[in-house]
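Hi everyone, thanks for making time. I'd like to walk you through one structure today, so have a look at it first and then we'll talk it through.

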Amino acid sequence: MSLNPFEHALFTYWERQPDERRHWQARVAELTRGSGSPVLHAPALERELWEHFRERSPHVPALRELNAVGLRRVSLLNLAEHVIRLWGPVPKPRRPGAEGSRPG
């Protein structure tokens, strides 16, 4: 998955800030708990990530540098989908012979 510079900077920030990472891991787990495909929650998570980016960018040099010209809205949907796959529920394995599966 390809992340844009904003998404990459935010993910890298979390790698250096364990408390922030734990917060977002817990948020992803909370958001994806329950019914439906976890990826369906990506748009809602993306909006939360953007608010987080806006809140942190004045205080984090790597994020602030991205906004040298002024804060403009960018999509963080790839990051939302990535962390849902990374930290969300483990997908259930397909049953052998299930529709859509191919013989080996």
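I'll start with the overall picture, then move to the core, the aromatic rings and the salt bridges.

One thing to say up front: this is a predicted model.

Okay, the fold. What does the secondary structure come to? Five helices and zero strands. So if you read along the sequence, you just get α-α-α-α-α. The chain has 104 residues, and 35% of them are buried. The accessible surface is about 7100 Å², with 53% of that belonging to carbon and sulfur atoms.

Now, contacts. Take the contacts in the chain with a separation of 6 or more: 73% of them are between residues 24 or more positions apart. Keep that in mind, since we'll meet one such long-range link in a minute.

On to the inside. How many residues does the largest nonpolar core have? It has 23, and the ones with the most contacts inside it are Leu10, Trp14, Leu45, Leu49, Leu76 and Val83. Which elements give two or more residues to this core? Those are α1, which is residues 5–16, then α2, then α3 at 42–56, and α5 at 77–87. Helix α1 gives the most, with six residues.

Let's stay with Trp14 for a bit. Trp14 is among the residues with the most contacts inside that core. If you leave aside its neighbours within four places in sequence, Trp14 is in contact with Glu20, Arg21, Trp24, Leu49, His52, Leu79, Val83 and Trp87. Is Trp14 buried or exposed? It counts as buried, at 1% relative accessibility.

That brings us to the aromatic rings. As a reminder, a pair of aromatic rings is described by the distance of the centres and the angle of the planes. A search of the whole structure finds six aromatic pairs. I'll show you two of them.

The first one I picked is Trp14 with Trp87. Their ring centres are 5.8 Å apart and the planes sit at 45°, so this pair is tilted. Here's that long-range link I promised: Trp14 is in helix α1, Trp87 is in helix α5, and they are 73 residues apart, so the pair links distant parts of the chain. Trp87 counts as buried too, at 16% relative accessibility, given that the cut-off for buried is under 20%.

The other pair is Trp50 and Phe53. This one is stacked, with 5.5 Å from centre to centre and 10° between the planes. Why does 10° make it stacked? Because planes under 30 degrees apart count as stacked. Where do these two sit? Both are in helix α3, three residues apart, so about one helical turn separates them. Trp50 is buried at 6% relative accessibility, and Phe53 is buried with a relative accessible area of 0%.

Back to our tryptophans for a second: Trp14 and Trp87 also belong to one aromatic cluster, along with Phe11 and Trp24.

Last topic, the charged side chains. How many salt bridges are there? The count comes to seven. Let me take you through three.

Start with Asp19 and Arg22, whose side chains meet at 2.4 Å, N to O. They are three residues apart in helix α2, residues 18–32, so about one helical turn separates them. Asp19 is exposed, with a relative accessible area of 59%, while Arg22 is partly exposed at 47%.

Further along helix α2, there's Glu30 with Arg27. Their closest N and O atoms are 2.9 Å apart. Again, these two are three residues apart in that helix, about one turn. Glu30 counts as partly exposed, at 47% relative accessibility. What about Arg27, buried or exposed? Buried, at 18%.

And then Arg56 with Glu55, a salt bridge at 3.6 Å, N to O. Arg56 is buried, with a relative accessible area of 17%, whereas Glu55 is partly exposed, at 44%. This bridge has company, too: Glu20, Glu55 and Arg56 are linked in a network of salt bridges. You've already met Glu20, by the way, as one of the contacts of Trp14.

That's my tour. If you take one residue away with you, make it Trp14: buried, paired with Trp87, and part of the aromatic cluster. Happy to take questions.

Definitions and conventions
Residues are numbered from 1 along each chain as its sequence is written. This is a predicted model: local features need pLDDT of at least 70, side-chain atom pairs count only at pLDDT 80 or more; totals for chains, interfaces and linings use all residues. Side-chain values use heavy atoms; hydrogens and water are left out. Helices (H or I, at least four residues) and strands (E, at least two) are DSSP runs, numbered from the N terminus. Buried means under 20% relative accessible area, exposed over 50%, partly exposed in between (1.4 Å probe, protein chains only). Contact means heavy atoms within 4.5 Å. Accessible areas come from the Shrake-Rupley method with a 1.4 Å probe; for residues, only the protein chains shown count as cover. A salt bridge is a side-chain nitrogen of Lys or Arg within 4 Å of a carboxyl oxygen of Asp or Glu. A nonpolar core is a set of buried Ala, Val, Leu, Ile, Met, Phe, Trp, Tyr and Cys residues joined through side-chain atoms within 4.5 Å. Rings of Phe, Tyr and Trp (its six-membered ring) pair if their centres lie within 6.5 Å; planes under 30 degrees apart count as stacked, over 60 as edge-to-face and the rest as tilted.
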